[in-house]
Amino acid sequence: MEYRQLGSSDLRVSEISLGSWLTYGVGVERDQAESCVRRAFEVGVNFIDTANAYGRGAAESFLGEVLTGVDRASYVLATKVFFPMSRNDRGLSAAQIRKQCDASLQRLRTDHVDLYQCHRYDTSTPLEETMEALTEVVREGKARYVGFSEWSPAQIQAAIDLAGPATEATGLARPATEATNTARRHDLVPFISSQPQYSMLWRRPEQAVIPLCAANGIGQIVWSPLGQGVLTGKYRPGSAPPPESRAASESMGQMMGSLRDDKVLVAVDGLRPLASQAGLSMAQLALAWVLREANVASAIIGATRPEQVEDNAAASGVTLDADLLAAVDDVLAPVL
């Protein structure tokens, strides 16, 4: 396993990280989920990502139990806040951030997370209120750093204008205008991470999010790098999904949408010979593809079996040559 710096922070995270969306505490049997976590540590994964909304706290509770007794300094732990936990508990107000952070720490059985992320942007709360609350969380030692997931370029820029870039040292930060200098709050902690959906099939972050973040000390932790399993090649056009796959699960398959369209599956099937020629599994090819981007610190996998963890982890350190990357683009062009 190889490791990368997460933005301008001092966090060194494994290129492959273990996520818990739709899986642990919800869609995967307990023994199997525990085996996935154990195997992840065995192959060098040191980064675990979760959220309070995953199973309405069930994923955090599972991780709190399974990580009990594991040296806290040996892994990087991240969670998120925004989505509803009850009819009245949602968003990024100061009150919600304080309440949900404390609840997450209790479920995770720890006194701090390494990364606390805004799961989405809250249009109902002033950005300054959110940033002040996140700063309080960091100052109190409940989180080491803060990040966001699925924010638009305009929303990211607003946060940079308010709190500043994560580092000014690189010389790459966007030049501040007189207006941003006036508005900037130097007492606010800046974001150091972004968590967008990013894969061979979903490349939107390349247009603006990645360049903006790269210029301001913000690294990417990407979710769904395997297109919810589609890029592993397990789903074949015209065929029913394998019985134990995500797509066949009522609790895990509901979010796949157009990824299971035959047009997409036919295109993905064309990647099979490319992976074989490179000596890679389909999953390894897809993960190495997102990791080719220098601003990507880690790719989050949603493994349901320990064998998947082992296969996915082997993508770390793989370099794809220019010809292979061009061939990938050609094969997927009909669905991009």
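**Notebook: salt bridges, helices and loops**

**Entry 1. Asp 269 and its partner**

I looked up Asp 269 at the outset and recorded it as partly exposed, with 22% relative accessibility. The model I am reading is a predicted one. I then noted that Asp 269 pairs with Arg 272 in a salt bridge, in which the closest N and O atoms are 2.8 Å apart. For Arg 272 I recorded a relative accessible area of 28%, so this residue too is partly exposed.

**Entry 2. The chain as a whole**

I turned next to the totals. The protein chain carries twelve helices and ten strands. It has 336 residues, and I find 55% of them counted as buried. I also looked up how far the contacts reach along the sequence: of those between residues at least 6 apart, 79% join residues at least 24 apart.

**Entry 3. Salt bridges around Glu 65**

A search of the whole structure returned 23 salt bridges. As general background, I note that side chains of opposite charge can pair when their charged atoms come close. I followed Glu 65, whose side chain meets that of Arg 30 in a salt bridge with an N to O distance of 2.6 Å. The two residues lie in distant parts of the chain, 35 residues apart: Glu 65 is in helix H2 (residues 58–66) and Arg 30 is in helix H1 (residues 30–42).

I then asked myself with which other arginine Glu 65 forms a salt bridge. The partner is Arg 109, and here the closest N and O atoms are 4.0 Å apart. Arg 109 lies in the loop between helix H3 (94–108) and strand S6 (113–118), whereas Glu 65 lies in H2, so this pair ties together parts that are 44 residues apart in sequence.

I checked the accessibility of the three residues. Glu 65 is partly exposed at a relative accessible area of 34%, and Arg 30 is partly exposed at 37%. Arg 109 has 55%, and since exposed means over 50%, Arg 109 is exposed. I closed the entry with the network: salt bridges link Arg 30, Glu 34, Arg 38, Glu 65 and Arg 109.

**Entry 4. Cysteines**

How many disulfides does the structure hold? I found zero. I looked up two cysteines all the same. Cys 36 is buried, with a relative accessible area of 0%, and Cys 101 is also counted as buried, at 1% relative accessibility.

**Entry 5. Two helix pairs**

Two packed helices are described by the angle between their axes and the distance between the axes. I applied this description to two pairs.

The axes of H1 and helix H11 (residues 306–313) come within 8 Å and cross at roughly 25°. Angles under 35 degrees count as roughly parallel, and I therefore list H1 and H11 as roughly parallel to each other. The crossing of H1 past H11 is right-handed. On the H1 side the meeting residues are Ser 35, Cys 36, Arg 39 and Ala 40, and on the H11 side they are Pro 306, Val 309 and Glu 310. Cys 36, which I had recorded as buried, is thus listed at this meeting of helices.

For the second pair, helix H4 (residues 127–139) and helix H5 (residues 153–163), I noted an angle of about 65° and axes 11 Å apart. H4 passes H5 in a right-handed crossing. Leu 127, Glu 128 and Met 131 are the H4 residues that meet Ala 158, Ala 159, Leu 162 and Ala 163 of H5.

**Entry 6. Helix H10 and Leu 265**

I asked whether the residues of helix H10 (residues 282–291) are buried or exposed. Ten of the ten are buried, so the rest of the structure largely encloses this helix. Among them I noted Gln 284 and Trp 289.

I then looked up Leu 265, found in helix H8 (residues 262–269). Leu 265 is buried, with a relative accessible area of 3%. The C-alpha atoms of Leu 265 and Arg 236 are 6.1 Å apart in space, with their positions 29 residues apart in sequence.

**Entry 7. Positive phi angles**

Most residues other than glycine have a negative phi. I recorded two residues with a positive value. Glu 150, not a glycine, has a positive phi of about 60°. Glu 150 sits in the loop between strand S7 (143–148) and H5, and is partly exposed at a relative accessible area of 29%. Gln 228, likewise not a glycine, has a positive phi of about 55°. Its loop runs between strand S9 (219–222) and H8. At 9% relative accessibility, Gln 228 is counted as buried.

Methods:
Residues numbered from 1 in each chain as written. Predicted model: local features only at pLDDT ≥ 70, side-chain atom pairs only at ≥ 80, totals over all residues. Heavy atoms only, no water. Buried < 20%, exposed > 50% of the residue type's maximum accessible area, 1.4 Å probe, protein only. Helix = DSSP H or I, 4+ residues; strand = E, 2+ residues; numbered from the N terminus. Disulfide = S-S within 2.5 Å. Axes fitted to C-alpha atoms, helices over the stretch in contact; angles between N-to-C directions. Parallel < 35°, antiparallel > 145°, perpendicular 65-115°, else oblique. Left-handed = near helix turned anticlockwise from the far one by under 90°. Contact = heavy atoms within 4.5 Å.
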